[in-house]
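Please find below my notes on the model, set out as numbered points for discussion.

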Amino acid sequence: AEDGYDLWLRYKPLPAAEARGYLKAARRVVTGPQAGETIAIAREELARGIEGLLRRAPAGSTRLAGDGAIVIGTPKDSPEIAALDLPLDRAGAEGYVIRSVRIDGRRAIVIAANEEIGVLYGAFHLLRLMQTLQPLDALDIVERPGIERRLLNHWDNLDRTVERGYAGQSIWDWHKLPDYIDPRYRDYARANASIGINGTVLTNVNADAVALTPAYLEKTAALADVFRPYGVRVYLTARFSAPIEIGGLDTADPLDPRVRAWWRDKASEIYALIPDFGGFLVKANSEGQPGPQDYGRTHADGANMLAEALAPHGGVVMWRAFVYSAENPDDRAKQAYDEFVPLDGAFRDNVLVQVKNGPIDFQPREPFHPLFGAMSNTPLALELQITKEYLGFATHLVYLAPMWKETLDADTYAAGAGSTVAKVVDGSLHDYPHTAIAGVSNIGSDRNWTGSHFDQANWRAFGRLAWNPLLSPEAIAEEWVRMTFSNDERFVAPVVDMMLGSHEAAVDYMTPLGLHHLMGTGHHYGPAPWVDDLDRPEWNPVYYHRADREGVGFDRTETGSNALAQYAPEAAAAFAAPETTPEEYLLWFHRVSWDFEMKSGRTLWEELVHRYTRGVEKVAAMRRTWAGLDELIDAERHAQVAAFLAIQEKEAKWWRDACLAYFQAVSGLPFPEGYDPPA
Ligand code: GCW
């Protein structure tokens, strides 16, 4: 059945003409005599892929015989590869070289790497070329990842629930681990390896300390054993108060020697079970979580204590900068910068500070987080959200690569023009000793993994951008469409277009012009701009839009919260005046009157109505496009996507009508012509 379980690794037969051409280059897969487990996986993957795509299984062999071999390995295990002159110095520990070569006069393709994992990544690359109908002659590819740690963050609560998960239950079945290894764990590792993801934080940042007890560490070790040959290391979240909750101490003060000893012992215990354990991810002093500030200590004190415990074993700490508290009612967007910038340089060198893309919280659109560029002595990891907490959960079709790309391409001006967030995160701007990027996973127990077929594209896009932040959202969408659905041009072009426009459509019908956090509090699904009675000011949508009879928007300039001052002067300049601020950020930085004149010549109020309406129209257009593609793919997936698009259209209207009704009531202005509110 076409239920989506195979993801982008479907390996359905290619058109006969292409298949015939590829067959000549894929007669056998040759491995060296010393090949280890990961190379064996690469060989099996190539065999599986080639058999599926070309309808003929390649021979497995340790010897070349005639033309058409794919020779895979490292110089350590393959004499053929050792004898070739390949630019492996450019491939690093995880990269690879794919080349068309002649060996003893025979035509072959080599997939060579310094370590076995590179061979596996290269095998997936070669398969992708076939899956997307690329030429295989004259290959000359050298790849290496731009970021060292490319991680999924699972917000798993240890009880099969996933915080902000919309794809069924958690795939971690803790209860049955370590004795029962669900085959899905291997499929998960394989899918991640296919896009270069090399680590996974298994547990929620809000998870209980029980995750660090011996019973759970054994379960984690069992998963680590499954993932290891696929190059995926495990990490865990560390609840700061664990020494109290599971350690029997009466404090978690990071400067208390007993607490430090407890964490050192805990680290040793973990590494005895999991020698390649990646490290800890920590949410501290945020949204009620315990942390070093409970003891009058700083984030650096807390992070350094954990880092000291992990250092002898090679682990890292990823300390989250997502902090906000009721004590800071002025502007929540400012708190992370205020707390962390003074600590730049105070962290041990195996600490990374993990920063969300924007200063609030995974909104449909945010400007880049002002911490990027502001901490040249502290490795900053970028945290993106793959699960669509604020973007319609699993039913709305929203392709996230364009949104992530906006962040990666944003210029911090930290060291002059061109100091993009991508260059901060990949370490090149500040020469960081470690680099990392994290995606809050959208994976669950649903057959299709992610709750919808199109959300698979977001998992994949995260991995691809983590490997190479310079890739274009369009290229990533196109290869995904080809691998997941079809190479038929009549399908590929319209679907890629749909994907590329989908994020802007969602921004239009949810929070256009820099509006943010209008969602229903708690669940974050659907509009609730009117809510203003929740305990903490920053939980109320009215705190963010500040609409009244005169105008709308959050003044973050000098006359307001002055969050703008957290950006480098050149970056801030772009947002300084309402007239020159890019309109997509207008109400993020400014409070303007309803009759403010927009570039279109419309008033702000008219523009708002226009954008909400346009958002709905874009979804209607996506629906029409999709409806016309029914002959080109399987009925099963076509029908589900069609049904989800119908939900999305209905809910886009809900967003539009609810938000416009509210803003109309507040502004007292009549609706412009062309918009008819529901009766
Ligand atoms: O926005 C909030 C989410 C919480 C999440 C938190 C965080 C894991 O609504 O569900 O908690 O962000 O990132 O810590």
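The points below take up the sheet, the ligand shell and some backbone features.

1. This is a predicted model, in which local features need pLDDT of at least 70, side-chain atom pairs count only at pLDDT 80 or more, and totals for chains, interfaces and linings use all residues. Residues are numbered from 1 along each chain as its sequence is written.

2. An open sheet of mixed pairing is formed by 6 strands in the order 2-1-3-5-4-6, where strands are DSSP runs of E with at least two residues, helices are runs of H or I with at least four, both numbered from the N terminus, and two strands pair if DSSP finds at least two bridges between them. Strand 2 (59-61) and strand 6 (140-143) are the edge strands, each pairing on one side only.

3. Strand 4 (residues 96-103) pairs with strand 6 in the antiparallel sense over 4 bridges, and Ile-98 stands opposite Ile-141 in strand 6.

4. The residues around the ligand (C-beta atom, placed from the backbone, within 6 Å of it) include Trp-155, Glu-163, Arg-164 and Asp-361.

5. Arg-164, in the loop between strand 7 (149-153) and helix 5 (183-194), has a positive phi of about 60 degrees although it is not a glycine. Arg-164 counts as partly exposed because it has 18 C-beta neighbours inside 10 Å (buried means 20 or more other C-beta atoms within 10 Å, exposed 12 or fewer, partly exposed in between, with C-beta atoms placed from the backbone).

6. Pro-178 lies in the loop between strand 7 and helix 5, and the peptide bond leading to Pro-178 from Leu-177 is cis, with omega near 0 degrees.
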